[in-house]
Amino acid sequence: MTRVTDLQPDWRQRKKAATRERIRGSALRLFREQGYDATTVEQIAAAAGVSHMTFFRYFPTKEDVALSDSYDPMIAALLEQTPATWPLTRRIRTVLVQGLRQVYSTDSDTFLAQNKLVVSTPALRARLWADQIATQQLILNALSASQDHPPSFQDRVTVAACLAAASTAILAWVENDGTSDLPDLMEQAFDALTHPD
């Protein structure tokens, strides 16, 4: 028989995830409606039905809520499932496209709105570089877990090049107002990276 105490950690995690997503959704809606700079943390918290202190428990800054997504942890988990014998570019391409297809199939409108916001907001564009370095480190950490040696300098260059290709595809998608199929653009970006003319 399952006891109530056995269910509490899972219930708490679901509740935290729901609160986090409610805050994020409210923030993105307000950013669209009134602009990023005009939106305050207090307004986001009120729209999400939480205190501003609760907001800060989930997101250290307004920039963090604007840039947050669940893509990076998904990528790291998927990378660990790819065969270590595959070339690194193939492993990264596979997981970035696979993860993107999952996000794109369920939430492409929100993903487009978030990326439009980032591209059009100088403060967020400035943070994007730091976030890309964090994503690069996350992938390198996942690689360390799946191979018997630390990532080499060549591995670091390969990861950075793959992320640059992915970012270029996303930027082109935003510039075309989401009219292209983003996973297809991502595939084209990797084709250009691996088979340049």
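A salt bridge here is a side-chain nitrogen of Lys or Arg within 4 Å of a carboxyl oxygen of Asp or Glu. By this rule the count comes to 9 salt bridges in the structure above, which is a predicted model. Let's work through it in a few exercises.

**Exercise 1. Get your bearings**

Work out how many helices and strands the protein chain has, and what share of its residues is buried.

*Solution.*
- Step 1: Start with the elements. The protein chain has 9 helices and 0 strands, so the run from the N terminus reads α-α-α-α-α-α-α-α-α.
- Step 2: Turn to the dimensions. Along the principal axes, the C-alpha atoms fill a box of roughly 50 × 50 × 30 Å.
- Step 3: Look at burial. Of the 197 residues in the protein chain, 38% are buried.
- Step 4: Add the surface. About 11,300 Å² is accessible, and carbon and sulfur atoms account for 55% of that.
- Step 5: Check how contacts spread along the sequence. Among contacts with a separation of 6 or more, 65% are between residues 24 or more positions apart.

**Exercise 2. Follow helix α6**

Find where α6 bends, and by about what angle.

*Solution.*
- Step 1: Compare the spans. A straight helix of 33 residues would span 48 Å at 1.5 Å a residue, yet the end C-alpha atoms of α6 are only 33 Å apart.
- Step 2: Locate the bend. The helix turns by about 105° at Asp 107.

**Exercise 3. Take apart the core**

Which helix gives the largest share of the largest nonpolar core?

*Solution.*
- Step 1: Identify the core. The largest nonpolar core holds 34 residues, and Leu 96, Ile 139, Val 159 and Trp 173 have the most contacts inside it.
- Step 2: List the helices that supply at least two residues each: α5 (71-80), α6 (88-120), α7 (122-146), α8 (153-175) and α9 (182-194).
- Step 3: Pick out the largest share. It comes from α6, with 10 residues.
- Step 4: Zoom in on Leu 96. Setting aside residues up to four places away in sequence, Leu 96 touches Tyr 71, Ile 75, Cys 162, Leu 163, Ala 166 and Phe 190.
- Step 5: Look elsewhere too. Apart from the largest core lies another, of 19 residues, including Leu 28, Leu 30, Ala 48 and Val 118.

**Exercise 4. Two settings for a salt bridge**

Describe where the partners lie in the bridge of Asp 10 with Arg 14 and in the bridge of Glu 187 with Arg 93.

*Solution.*
- Step 1: Recall the principle. Side chains of opposite charge can pair when their charged atoms come close.
- Step 2: Take the pair within one helix. The closest N and O atoms of Asp 10 and Arg 14 are 2.3 Å apart. Both residues lie in α1 (residues 4-34), 4 residues apart, or about one turn of the helix.
- Step 3: Explain that spacing. An α-helix has 3.6 residues a turn, so residues three or four places apart point the same way.
- Step 4: Classify the partners. Asp 10 is partly exposed at 47% relative accessible area, and Arg 14 is partly exposed at 49%.
- Step 5: Now take the pair between helices. Glu 187 and Arg 93 have their closest N and O atoms 2.7 Å apart. Glu 187 sits in α9 and Arg 93 in α6, so this bridge ties together parts 94 residues apart in sequence.
- Step 6: Classify these partners as well. Glu 187 is partly exposed at 24% relative accessibility. Arg 93, at 19%, counts as buried because the cut-off is under 20%.

**Exercise 5. Extend the network**

Which residues are linked with Arg 93 in a network of salt bridges?

*Solution.*
- Step 1: Find another partner. Arg 93 also forms a salt bridge with Asp 191, the closest N and O atoms being 2.8 Å apart.
- Step 2: Place the pair. Arg 93 in α6 and Asp 191 in α9 are 98 residues apart, and their bridge links distant parts of the chain.
- Step 3: Check exposure. Asp 191 is partly exposed, at 36% relative accessibility.
- Step 4: Assemble the network. Its members are Arg 93, Arg 101, Glu 187 and Asp 191.

**Exercise 6. A residue in a loop**

Is Ser 68 buried or exposed, and which residues is it in contact with?

*Solution.*
- Step 1: Place Ser 68 in the loop between α4 (62-67) and α5.
- Step 2: Read its accessibility. At a relative accessible area of 9%, Ser 68 is buried.
- Step 3: Name the contacts. Beyond neighbours within four places in sequence, Ser 68 is in contact with Arg 20, Arg 24, Phe 59 and Gln 114.

Notes
Residues are numbered from 1 along each chain as its sequence is written. This is a predicted model: local features need pLDDT of at least 70, side-chain atom pairs count only at pLDDT 80 or more; totals for chains, interfaces and linings use all residues. Side-chain values use heavy atoms; hydrogens and water are left out. A nonpolar core is a set of buried Ala, Val, Leu, Ile, Met, Phe, Trp, Tyr and Cys residues joined through side-chain atoms within 4.5 Å. Buried means under 20% relative accessible area, exposed over 50%, partly exposed in between (1.4 Å probe, protein chains only). Contact means heavy atoms within 4.5 Å. The expected span of a helix is 1.5 Å times one less than its number of residues. The bend at a residue is the angle between axes fitted to the seven residues ending there and the seven starting there. Accessible areas come from the Shrake-Rupley method with a 1.4 Å probe; for residues, only the protein chains shown count as cover.
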